[in-house]
Amino acid sequence: MTDHLMNTYARLPVSFEKGDGATLHDTNGKTYLDALSGIAVCSLGHAHPAIADAICKQSHALIHTSNLYQIANQQQLADKLIEHSGMDKVFFSNSGAEANEAAIKIARKYAHSKNIENPSIIVMENSFHGRTLATLSATGNDKVHEGFTPLVDGFIRVPFDDIDAVTAHSKNQDVVAILVEPIQGEGGIHVPEPGYLTKLREICDANNWLLMTDEVQTGMCRTGEWFAFQHDNIKPDVLTLAKALGNGMPIGACLAKGEAANTFVPGNHGTTFGGNPLACAAGLAVINTLEVHNHVAAVAKKGQQLIEQFKQTLQNQQGVVEVRGKGYMIGIQLDRPCGELVALALEAGLLINVTRGDTIRLLPTYVMSNEQTEFLVKTLNELIRKFLNK
C-alpha cells in the first residue's frame, strides 16, 4: 500500500481500533495497557461514556457556527475553568501550540502598551511549547530548531529551575514576561525545587512582567491539583491548556487575569474552529467528570504511591539515574539511550514513551485499576532490568 502521509512520525507497527478505560485493542485483537494516555490527552481513559454521550448528543444538535456568534457551551466551559483556576478570562483554540501562540501575542501586545518596541520573553532551556514557528522558537531544544531558522526573535533562554539566571535579566528593559512549564514534560519530567514558581512570581511582580505558565501537559489534574501552579499557591497572569481538556477532542485554552486578560480587543486574535459547540461539550463533560469523581485527590494519592513503587523496586538497579515526577506524570531516567524500550514494551502489551533519549515517560490514565497498576510496575521493571543487564 502506498503511504501518502508526510514523513513526520516514526510510527510504531500497530493500529488501534477501539479502547475502554486504560486499555487499547489493536486491529489483530491484542490488548495493551495505555500508560501514555495519548501523551497526557485521554486522562479519563478511552471511550469514557460521559464524554462519548456528550459528543454524540452535541453532534446531533450543532457542531459549528463560528465565533461570530454567541456559543453557550463556550461560555459555560469558560465559567468552569475560571472557577477552578481563579483566572479572569479565556480564549479557546484548537491545540496547546495555539494556546501558547495566544500567550506570546498577549505578552507582545502588553509590551507595546508599555511602549516597549522590542519585547523579550524569558523561556527555559530543555522546554517544549509547540511546533508553530513562534512556539518552536520559544522551545529550548536545538534539535527542534534544526532546519527552521531563522527563528522568531524575542526569546531569552535561561536554565530551568535557576532563579539567579532569571534575576540576572531584571535590569533588561525589554523583558516583558516569563514563559515556563511548571514541570517540564517533553524535556524529561523535570520537577523544579519547591518554591520555584513562587520566586518567579515575585520576580515578575517586582519587574512588572507577566508570569505565563504552560500547563498543556500538567493541567487538568495531571499532577494532583487542577493546575500545577496551585502546588505553589500562586497565580500566573497567563495560563495555557490543551491535551486533557478534551480527552481526545481537539481543544486548547489560553486563560489570563488582570491586565493580561484585557489585552486583546476584536481583531487582535481569532480562530475559525476554536471553542466550537462540539469541542466545548467535550470539555464540559471532562470537567464534570473530574469534579464528580474527585480525580484531583485520587491522582495525588495514587501518583505518589506509583512513584514510590518505582523508586523502591528500582533503587538498587545499576543504570537507573532517577525516578521523579508528581501525580500521574512520571519519568524514569536511565544512564543511557533507551528508545528501544518503547518497542519492547509494545510487544509486552504496554504503551510507554521515551523522551530526551534516556527518560521513560509515564502519563497513565486516571482510571487505571489497581491490577493494571501492578501490571505496569511489574512489566516495566522487568523490561528495564533486562535492558540494563544485557
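## Sheet, hairpin and salt bridges

R324 is buried, showing a relative accessible area of 7%. That arginine takes part in a salt bridge with E322, where the closest N and O atoms are 2.8 Å apart. This is a predicted model, and searching the whole structure turns up 10 salt bridges. Its open sheet has 7 strands with mixed pairing. Here's a quick tour, starting with the hairpin and moving on to the sheet and the charged pairs.

**The β11–β12 hairpin**

- Strand β11 covers residues 320–326 and strand β12 covers residues 329–334; the two run antiparallel and are joined by 6 bridges.
- One pairing to look for is G325, whose bridge partner in β12 is I330.
- The hairpin has 2 residues between its strands, and G327 takes a positive phi near 65° there.
- Back to the E322–R324 salt bridge: E322 is partly exposed at 38% relative accessibility, whereas R324 is buried at 7%.

**The open sheet**

- Reading across the sheet, the strand order is β4-β10-β9-β8-β7-β5-β6.
- The edges belong to β4 (89–93) and β6 (155–158); each has a single partner strand, so one side of each has no neighbour in the sheet.
- From one strand to the next, the twist averages 20°.
- Strand β7 (residues 175–180) pairs with β8 in the parallel sense over 4 bridges, and V180 has T213 in β8 as its bridge partner.
- Helix α4 (residues 96–113) lies across β4, β5 (120–124), β6, β7, β8, β9 and β10. Relative to β9, helix α4 runs at about 165°.

**Strand β9 and its neighbours**

- What covers strand β9 (residues 238–241) in terms of burial: one face or both? Both faces are covered, with V238 and T240 buried on one side and L239 and L241 buried on the other.
- β9 runs parallel to strand β8 (residues 210–214), and 3 bridges join the two. Within this pairing, M212 stands opposite V238.
- With strand β10 (residues 252–256), β9 pairs in the antiparallel sense over 4 bridges. L241 has A253 as its bridge partner in β10.
- So β9 gives you a parallel pairing with β8 and an antiparallel one with β10, and strands of a sheet pair through backbone hydrogen bonds in either arrangement.

**A salt bridge between helices**

- E291 and K80 form a salt bridge, with their closest N and O atoms 3.0 Å apart.
- E291 sits in helix α10 (residues 277–292) and K80 in helix α3 (residues 72–85), so this pair ties together parts that are 211 residues apart in sequence.
- E291 is partly exposed, at a relative accessible area of 26%.

**A salt bridge within helix α8, and a network**

- D205 and R201 meet through their side chains in a salt bridge of 3.0 Å, N to O.
- Both residues belong to helix α8 (residues 196–207), and they are separated by about one helical turn because they are 4 residues apart.
- Which of the two counts as exposed and which as buried? D205 counts as exposed at 53% relative accessibility, while R201 counts as buried at 10%.
- The D205–R201 pair is part of something wider: R201, D205, D237 and K257 are linked in a network of salt bridges.

Key: Residues are numbered from 1 along each chain as its sequence is written. This is a predicted model: local features need pLDDT of at least 70, side-chain atom pairs count only at pLDDT 80 or more; totals for chains, interfaces and linings use all residues. Side-chain values use heavy atoms; hydrogens and water are left out. Buried means under 20% relative accessible area, exposed over 50%, partly exposed in between (1.4 Å probe, protein chains only). Two strands pair if DSSP finds at least two bridges between them. Axes are lines fitted to C-alpha atoms, for helices over the stretch in contact, and angles run from 0 to 180 degrees between N-to-C directions. Contact means heavy atoms within 4.5 Å. A salt bridge is a side-chain nitrogen of Lys or Arg within 4 Å of a carboxyl oxygen of Asp or Glu.
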